[in-house]
Amino acid sequence: MSKDLRESEAASLDNEVLSLLGRHVSVRKFRPDPVSEEQLAAIIQAAQMASTSSNVQAYSVIAVADPALKAELAALAGNQAYVAECPVFLVWCADMYRLREAAKPHLNGAATYEDSAENFIIATVDTALAAQNAAVAAESLGLGIVYIGGLRNKIAEVAERLGLPELVYPLFGMCLGYPDQAPALRPRLPLPAVLHRDRYDAEETVRQVKAYDATMSEYLRKRTGGAKDTPWSAIMADRLAEPIRLHMKDFLLGKGFLRR
């Protein structure tokens with residue numbers, strides 16, 4: 001490939017969407033400026049255009065703006081103050097309830113499988129894809145977001161407080177608002193660690209971790225003024241050794257998921 005052609009191709013890859021995606025950061029401090037109903041509607045409509053398995057659209061979103069309810073959810077999510085402080089807190093729910101209820105009049109009592117592991121995966125993936133569309137849409141409007149997996153810390157209490165029926169579970173929350181901070185970009189794994197050619201390269205993905213450890217150690221040194229320089233692999237080792245949210249299986253079974 002000629003130099004001119006390579007430069008032309010590189011220029012064609014430098015577009016507004018890629019630039020926006022490359023600037024993504026998690027925002028944990030928000031200005032008090034409200035998110036308008038028009039902005040919220042546009043963001044959720046963008047979410048609805050995400051890919052969805054067989055058009056089941058197995059998710060629902062609860063927009064929480066009430067200060068008292070946000071404060072409750074912040075406490076349930078591990079006392080994360082930004083849940084209470086953001087103008088709007090979105091709770092993204094995997095939802096097979098709507099599908100089951102919509103199908104009932106057409107089934108004439110036939111057996112259904114909304115409680116299968118496959119449908120649990122479909123609902124979970126659909127929700128995550130829609131949420132990421134929403135995140136990109138929000139950032140395109142000058143807003144910022146941070147995902148809140150801490151909602152699953154006390155997931156039964158969250159589900160009860162939000163009135164979630166059977167076959168609906170809160171996958172994660174999302175703080176939404178105008179950023180009042182400019183966090184540094186956090187480095188990601190090297191491309192060869194995640195992009196494989198034709199088959200999975202187990203040795204290469206492990207080799208790339210060493211390079212990433214060095215990158216993350218330097219990032220942490222700068223971010224903390226030298227107080228921390230823990231390599232990524234050591235952080236992940238601590239995470240794997242921690243028994244996180246082992247109540248999830250029982251909760252999901254109780255909500256009607258994963259029964260077959």
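A residue is called buried when its relative accessible area is under 20%, exposed when it is over 50%, and partly exposed in between. Keep that in mind for this tour of a predicted model.

**Stop 1: the whole protein**

Start with everything shown. The protein has 12 helices and four strands. Its C-alpha trace spans about 65 × 45 × 40 Å along the principal axes. Of the 260 residues, 36% are buried. The protein exposes about 15300 Å², and carbon and sulfur atoms supply 55% of that area. Now think about how the chain folds back on itself: among contacts between residues at least 6 apart in sequence, 80% join residues at least 24 apart.

**Stop 2: a chain of charges**

Select Glu101 and show its side chain. Is glutamate 101 buried, partly exposed or exposed? With a relative accessible area of 29%, glutamate 101 counts as partly exposed, because this value lies between 20% and 50%.

Which side chains does it meet? Add Arg100, which forms a salt bridge with glutamate 101 at 3.0 Å, N to O. Arginine 100 has a relative accessible area of 18%, so it is buried. Next add Lys104: its side chain also meets glutamate 101 in a salt bridge, here at 3.1 Å, N to O. Glutamate 101 and lysine 104 sit three residues apart in helix α6 (residues 97-107), so about one helical turn separates them. Lysine 104 is partly exposed, at 47%.

To see the full group, select Glu166 and Arg259 as well: together with Arg100, Glu101 and Lys104, they are linked in a network of salt bridges. Over the whole structure, a search finds 13 salt bridges.

**Stop 3: helix α10**

Move to helix α10, residues 202-223. Select Arg207 and Glu204, which form a salt bridge whose closest N and O atoms are 2.5 Å apart. How far apart are arginine 207 and glutamate 204 along the helix? They are three residues apart, which means about one helical turn lies between them. Arginine 207 is partly exposed, at 45% relative accessibility.

In the same helix, find Ser217. Serine 217 is buried, because its relative accessibility is 9%. Setting aside residues up to four places away in sequence, serine 217 touches Lys228, Asp229, Thr230 and Pro231.

**Stop 4: two surface patches**

Lys228 turns up again in a patch of positive charge on the surface, where it gathers with Arg28, Arg186, Arg188 and Arg223. Pick out Arg28 in the loop between α2 (16-22) and α3 (37-48). Arginine 28 is partly exposed, with a relative accessible area of 35%. For the charges of the whole protein, the mean positions of the 29 positive and 32 negative ones are 4 Å apart.

Now select Leu13, Val17, Leu18 and Leu21, which make a nonpolar surface patch of about 370 Å². Val17 lies in helix α2. Valine 17 has 52% relative accessibility, so it counts as exposed.

**Stop 5: a buried alanine**

Finish at Ala137 in helix α7 (residues 117-140). Its relative accessibility is 13%, so alanine 137 counts as buried. What does alanine 137 touch? Show Ile43 and Ala46, its contacts once residues up to four places away in sequence are left out. For a last look, select Ala81 too: alanine 81 and alanine 137 are 56 residues apart in sequence, and their C-alpha atoms are 24 Å apart in space.

Methods:
Residues numbered from 1 in each chain as written. Predicted model: local features only at pLDDT ≥ 70, side-chain atom pairs only at ≥ 80, totals over all residues. Heavy atoms only, no water. Buried < 20%, exposed > 50% of the residue type's maximum accessible area, 1.4 Å probe, protein only. Contact = heavy atoms within 4.5 Å. Patch = residues over 30% accessible without salt bridge, like charges linked within 9 Å, V, L, I, M, F, W, Y side chains within 5 Å. Areas by Shrake-Rupley, 256 points an atom, 1.4 Å probe, with all protein chains shown as cover. Salt bridge = Lys/Arg side-chain N within 4 Å of Asp/Glu carboxyl O. Lys, Arg positive; Asp, Glu negative; His and termini not counted. Charge placed at Lys NZ, Arg CZ, Asp CG, Glu CD.
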